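Visitor: I would like a close look at one part of this structure, the place where its two domains meet. Please also take in the salt bridges.

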Amino acid sequence: MPKEQGTRTHSSLSAADAPLEVVLVNREPESRSRLAMESAGAHLGWDPDTIAELVSPQEVRLLRLPCRILGKVIVFWGVVALHNNARGPFKGGIRLAADVSLWETVELSRLMTLKTAVVNIEFGGGKTGIRVDMPGMYRKFGRTPIDLDFEKIISLDAVELYAQIMRETFASHYYVPAPDMGTGPDEMAAIINATQDPASVTGKPEGIIGWQPGRRESTGYGVSFVATRYVQEVLDLRPNRCTAAIQGFGNAGGYAARFLAEQGVRIVAITDLYGGVYHQKGLDVEALIAYATEQGTVRGYPGADTLTNEQLFGLDVDILVPAAAGNAITDTLAHTVRAKVVVEGANMPTTPPAMRILADKNIAVIPDIVANAGGVVASMEEYARSLSAAKTPSEQVFGTIRELLGDAMDATLERSHDMKVSLYEAAVSLAMERVYDAMKRRRMI
Ligand code: NAD
C-alpha cells in the first residue's frame, strides 16, 4: 500500500534523518543528573558541547532474554548502559525490577560515573536493568506472594542467561557488574559461574572465591556514616539523640538501619514494597531483620503500628533515608517532609522539583553519589583482591569507606558553600572535573 505523503514510518527514515546520536542523546527525557550536570558545567564555565559529551553514554545494549523458567519460556528485556570508562572499567549494579527502562538505566549508569569520580576510585560508570515484573510472574505461574524461593528461581534464571550473553564483556573486565535492587550475592555467583573469573564481578557471596568481607554491609555502612557525620558536624546533634525513618529494608536500607541503631539513632519507622511499621520508642532492628527475612516484608511485624510509604516521608524525625526506589520523594511528598536531613541511600530518590522544595525548606539532601558510595568503595577492594585468598578485614574496608566518603563529604560541603549551589550540584561538579581530566588525558574528548 502506498504511504501517505509526508507520513514517516520507521522504515521510511533514511540514515540522514536518524543520526545515531538522535536516538541515544537527543531523545533522553529531562533527567535529574542531566539537569545537575548542565547547571554544574555552566557554573564551571564549560561550553554546552563539552557538557553534552560528559552527559552522553559511551555504549548502550538492548537485550532480549528468553529464559527457561520452570518449564516455560519467559522473555525479559534488558538494558546494559555503559556510560563512561575514562577513569576505570565500567562499574555498576544489575537491577531487576518491573519498571526498568532504557532511560532510567542510562541515568543510573551516569550516576555511577559521577559516584566513582566523587569518591575518587578507579572505576567508571555502567548499569544493567532487566525488566522483571514479579507480580506478573506470580500470576503467570499460579503462585501466591510472598514466596521468596520462587522469586529466587526467577532472578537466578534471568541472571544466568544474562551472564552467558555478557560473558566476554565481564571476563575482559570491560564492565564489572555488582548487585542492585532485586539482585544480591547469589546472582553474582551466577556470573562467576559463567566467566570462571573471580575478578569479573563484585558483591560475591561469602565463602566464594574472591569474596570480600564487609562488601555486603558496605552501602548501608556508608549511608549511616555520612548521616551521623552530618548530624554531628553540621547540625551539631548527637546521634544518640536523633531519630530516623527509612524507606527500603533490603541491602542498603537494612544495613543502614543496623549501623544507625548501633550508633544510638532511634529508628522509628521502616517501610518496604508491601507497607511499613512505626514505633515511637524505636524499632528493634535485629528482630525486624529476622522477621523480614522470614516473611519477605516488614509489614505485620508485631508490636508496632502500621505505616504507609507516603506517611513515612512526613514523619517528624531528624534523619530521613530513602533507600528503595527512585523518584520516591515527589514534589507533593516533599511538602510534607519534616526531617532535618535527607540521606539518599537509594539512587535518585528525590525528584528535581522535590529537591527545590526541600531546599526552600532549608532541608539538606546528602546526594546519592556520596551517600550510597560505600558499596562501590568496598567493590574496589573486592576487585583488587579477588585473585588473592588473603582477605582485607571488614574493619579495614569500613575504614576506607570512612576515609573516601568523608573526603567526598568535606569537598562537597566546601564547594557547595563556595559556589552557593546545592550539595548535589557541588558533588556533581567535583566529579565532572575529574572525569573531564581523565577523558582529556586519554584523548576521549
Ligand atoms: P534490595 O532489593 O536489596 O532492597 C530493596 C528494598 O526496597 C526492599 O525492602 C523492597 O521491598 C523495597 N522497595 C522496592 N521498591 C519499593 C517501592 N516502590 N516502595 C517502597 N519500598 C520499595 O535493593 P538494594 O540493593 O537495597 O537497593 C535499594 C536502593 O539502593 C536502590 O536505589 C539501589 O540502586 C541503591 N543502591 C544499592 C547499592 C547496593 O550495594 N545494594 C549500592 C548503591 C545504591
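Guide: What follows covers the domain boundary first and then the salt bridges.

The model is a predicted one. Its chain is divided into domain 1, residues 59–198, and domain 2, residues 218–362. Taken over C-alpha atoms, the centres of domain 1 and domain 2 are 26 Å apart. Contact between the two involves 11 residues of domain 1 and 9 residues of domain 2.

The size of an interface is often given as the accessible area lost when the parts come together. Here, the area buried between domain 1 and domain 2 is about 760 Å², and carbon and sulfur atoms give 62% of that area. On the side of domain 1, I146, L148 and M181 lose the most area to domain 2, and together they make up 48% of what that side buries.

Polar links across this boundary can be listed briefly. Between domain 1 and domain 2 there are 0 salt bridges, and 1 residue pair is in polar contact, with both residues at pLDDT 80 or more. The elements that give two or more residues to the side of domain 1 touching domain 2 are α4 (102–118) and α6 (148–165). Of these, α4 provides the largest share, 5 residues. By class, that side of domain 1 has 5 nonpolar and 6 charged residues, and no polar ones.

Turning to salt bridges, the structure as a whole holds 19. R95 takes part in a pair with E104, at 3.4 Å from N to O. Both ends count as buried, because their relative accessible areas, 16% for E104 and 4% for R95, are under 20%. R95 also forms a salt bridge with D180, whose closest N and O atoms are 2.7 Å apart. R95 lies in strand β3 (residues 90–97) and D180 in the loop between β5 (175–179) and α8 (185–195), so this pair ties together parts that are 85 residues apart in sequence. D180 is likewise buried, at 17% relative accessibility.

A further salt bridge joins K204 to E382, with 2.8 Å between the closest N and O atoms. K204 sits in the loop between α8 and α9 (215–233), while E382 belongs to helix α16 (residues 374–385); the pair links distant parts of the chain, 178 residues apart. K204 and E382 are both buried. Finally, E28, R34, E38 and R110 are joined into one network by salt bridges that share partners.

Definitions and conventions:
Residues numbered from 1 in each chain as written. Predicted model: local features only at pLDDT ≥ 70, side-chain atom pairs only at ≥ 80, totals over all residues. Heavy atoms only, no water. Domains from an automatic or database assignment. Contact = heavy atoms within 4.5 Å. Buried area = accessible area lost by both parts, 1.4 Å probe. Salt bridge = Lys/Arg side-chain N within 4 Å of Asp/Glu carboxyl O. Polar contact = N/O pair within 3.5 Å; in protein donor to acceptor, adjacent residues only side chain to side chain. Helix = DSSP H or I, 4+ residues; strand = E, 2+ residues; numbered from the N terminus. Nonpolar A, V, L, I, M, F, W, Y, C, P; charged D, E, K, R; others polar. Buried < 20%, exposed > 50% of the residue type's maximum accessible area, 1.4 Å probe, protein only.
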